[in-house]
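This briefing introduces the side-chain contacts of one protein model to a reader who has not met it before. Please look over the sequence and the structure shown here, and then read on.

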Amino acid sequence: MAMELATPAPAPITAPERNIILAPATVETHKKNRIQVSNTKKPLFFYVNLAKRYMQQHNEVELSALGMAITTVVTISEILKNNGLATEKKLLTSTVGMKDETKGKMIEIVLGKSDKFDSLVPPVTNGKTPEEVAKAETEAAVEVQEEAAATEA
């Protein structure tokens, strides 16, 4: 003969003087003007060109990176600022917890169009996405470098 155990249902918790509403955790959606930079996946000028295109479309771009890619983000930012294309709007640095309980460093830099941006960067009229344009410009720059190296040898 099997014996069944009944567990009583917990009593509802009430707060007589306050109504507490718990909102679900918000999940950050992908921002259309955010570039997550890696120092191993793409060349530096891919990100520089992509950032220019994002500034054309959204008037600002957010560059973010973790760990060793932080120097790449700072370099991209400085190239854009030194060429008169961007102004720094926001800089955020922090440490983030990793799976192996170590702490990693993170940076986010928000750049906005400079006053001279539109006169320095021609508009895109070929219907390509910013990623496609940046990739094509990077490939063209690499070809020019390879041709120059071949003629020197």
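How many aromatic pairs does a search of the whole structure find? The model is a predicted one, and the search of it finds one aromatic pair. Charged side chains also meet in this structure, which holds six salt bridges, and the points below take up the aromatic pair before turning to several of these bridges.

**The aromatic pair**

- A pair of aromatic rings is described by the distance of the centres and the angle of the planes.
- The pair found here is formed by Phe46 and Tyr47, whose ring centres lie 5.5 Å apart and whose planes stand at 80°, so the arrangement is edge-to-face, a term that applies to planes over 60 degrees apart.
- Phe46 and Tyr47 are both buried.
- Phe46 also has a charged neighbour, since Lys42 lies over the face of the Phe46 ring, at 5.0 Å from the ring centre.

**Salt bridges around Arg34**

- Side chains of opposite charge can pair when their charged atoms come close.
- One of the six salt bridges joins the side chains of Arg34 and Glu108, with a distance of 3.7 Å from N to O.
- This pair links distant parts of the chain, given that Arg34 belongs to strand 1 (residues 34–36) and Glu108 to strand 4 (residues 103–113), with their positions 74 residues apart in the numbering.
- Arg34 is buried, and Glu108 is buried as well.
- Arg34 and Glu108 are also part of a network of salt bridges, in which they are linked together with Glu62.

**Salt bridges of Lys89 and Lys81**

- The side chains of Glu60 and Lys89 meet in a salt bridge, at 2.8 Å from N to O.
- This pair, too, links distant parts of the chain, with Glu60 in strand 2 (residues 60–66) and Lys89 in strand 3 (residues 86–97), 29 residues apart.
- Is Lys89 buried or exposed? Lys89 has a relative accessible area of 53% and therefore counts as exposed, the cut-off being over 50%.
- Glu60, its partner in the salt bridge, has a relative accessible area of 25% and is partly exposed.
- A further salt bridge is formed by the side chains of Glu88 and Lys81, at 2.7 Å from N to O.
- Glu88 is partly exposed, with a relative accessible area of 39%, and Lys81, at 24% relative accessibility, also counts as partly exposed.

Conventions. Residues are numbered from 1 along each chain as its sequence is written. This is a predicted model: local features need pLDDT of at least 70, side-chain atom pairs count only at pLDDT 80 or more; totals for chains, interfaces and linings use all residues. Side-chain values use heavy atoms; hydrogens and water are left out. A salt bridge is a side-chain nitrogen of Lys or Arg within 4 Å of a carboxyl oxygen of Asp or Glu. Helices (H or I, at least four residues) and strands (E, at least two) are DSSP runs, numbered from the N terminus. Buried means under 20% relative accessible area, exposed over 50%, partly exposed in between (1.4 Å probe, protein chains only). Rings of Phe, Tyr and Trp (its six-membered ring) pair if their centres lie within 6.5 Å; planes under 30 degrees apart count as stacked, over 60 as edge-to-face and the rest as tilted. A charge sits over a ring if NZ of Lys or CZ of Arg is within 6 Å of the ring centre and within 35 degrees of the ring normal.
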